[in-house]
Amino acid sequence: MTDRRPVSGAGSTSNETGDAIVAAVTAPELHALYAHWKSRCRDGQLPSPKQVEPLDLPGLMRFLLTLDVHRDPLRFLYRYTGATLVARSGLELVGTFVDEHPDTAFRHIAQSTLTDVVNKGRPYAVVRDMFLDGRLRRYDMLALPLASDGKTVERIIIGMKHWD
């Protein structure tokens with residue numbers, strides 16, 4: 001696995017650093033997702049899950065997934081997975097936990113990334129080359145935290161654009 005242009009949680013909800021995060025990715029779909037998320041940030045607070053739903057983004061739904069954050073222990077439950085992502089993986093993951101994903105390499109990197117998003121309460125973006133299912137996968141990924149109280153991350157919305 002190699003990160004071609006990583007920006008690992010190097011931002012916040014502020015314009016200056018948050019915009020630097022999304023600059024790492026080239027996919028216009030992810031820029032649109034970030035713009036939607038950012039437009040719902042108020043007074044340095046994260047938007048709530050009700051403010052950023054896949055249904056609000058019909059042109060992007062197929063590239064999105066959402067995860068609910070469970071605590072004690074920290075786990076991530078697939079809540080929604082877009083059609084393009086299901087078709088690429090051949091897996092319907094809704095209702096399962098990330099730590100149950102059948103691919104060990106994916107499970108490890110996903111757990112680490114999602115934990116970082118929860119702990120820092122900031123977006124995470126990366127452009128990555130990764131071997132999954134014996135094939136090289138190239139993708140841009142943007143993970144955005146959501147919090148009803150503006151601080152405690154309870155859901156993460158992710159956009160993934162594959163280039164392979």
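**Confidence**

I looked up confidence before anything else: in this predicted model, the mean pLDDT is lowest in strand β1 (residues 2-3), at 46, and highest in strand β2 (residues 64-70), at 95. For residues 1-16 I found a pLDDT below 50. That stretch still has 60 contacts in the model beyond near neighbours in sequence. Across the protein the average pLDDT is 82, and 82% of the residues score at least 70.

**Overall layout**

I counted 4 helices and 6 strands. Reading along the sequence, I noted the pattern β-α-α-β-β-α-α-β-β-β. The protein has 164 residues, of which 51% count as buried. I also checked contacts with a sequence separation of 6 or more: residues 24 or more positions apart account for 53% of them.

**The core**

Which residues have the most contacts inside the largest nonpolar core? I found L142, I156 and I158, in a core of 43 residues. The elements that each supply at least two residues of this core are α1 (15-22), α2, β2, β3 (75-81), α4, β4 (124-132), β5 (135-146) and β6 (155-162). The most comes from β5, with 6 residues. As background, I noted that nonpolar side chains tend to be buried together in soluble globular proteins.

I then listed the neighbours of I158, leaving out residues up to four places away in sequence. I158 touches L33, F63, L64, L65, L67, L114, M141, L142 and A143.

**Helix α2**

I checked the length of helix α2 (residues 28-39). At 1.5 Å a residue its 12 residues should span 16 Å, and the end C-alpha atoms are 16 Å apart, so the two values agree. Its buried residues are E29, L30, L33, Y34, H36 and W37. Seen down the axis of α2, these buried residues fall within an arc of 160°, so they line one face of the helix.

Is A32, also in α2, buried or partly exposed? I found a relative accessible area of 36% for A32. Buried would require under 20% and exposed over 50%, so A32 is partly exposed. I also looked up its distance to G159: the two are 127 residues apart in sequence, yet their C-alpha atoms are 9.9 Å apart in space.

**The loop before α4**

Next I went to H101, in the loop between α3 (83-89) and α4 (104-120). Its relative accessible area is 8%, under the 20% cut-off, so H101 is buried. Not counting residues up to four places away in sequence, H101 touches Y78, L91, L93, F106 and R107. A polar atom of the H101 side chain lies 3.0 Å from the backbone nitrogen of D103.

What does D103 do at the N-terminal end of α4? D103 caps that end, with a side-chain oxygen 2.9 Å from the backbone nitrogen of F106.

**Helix α4**

I repeated the length check on α4. Its 17 residues should span 24 Å at 1.5 Å a residue, and the end C-alpha atoms are 24 Å apart, so this helix agrees with the expected span. The buried residues of α4 are F106, I109, A110, Q111, T113, L114, D116, V117 and V118. Of these I had already met F106 as a neighbour of H101, and L114 as a neighbour of I158. Just after α4, I noted that G121 takes a positive phi of about 65°.

Conventions: Residues numbered from 1 in each chain as written. Predicted model: local features only at pLDDT ≥ 70, side-chain atom pairs only at ≥ 80, totals over all residues. Heavy atoms only, no water. Expected span 1.5 Å × (residues − 1). Buried < 20%, exposed > 50% of the residue type's maximum accessible area, 1.4 Å probe, protein only. Arc of directions from axis to C-beta. Polar contact = N/O pair within 3.5 Å; in protein donor to acceptor, adjacent residues only side chain to side chain. Contact = heavy atoms within 4.5 Å. pLDDT = per-residue confidence, 0-100. Core = buried A, V, L, I, M, F, W, Y, C linked by side-chain atoms within 4.5 Å.
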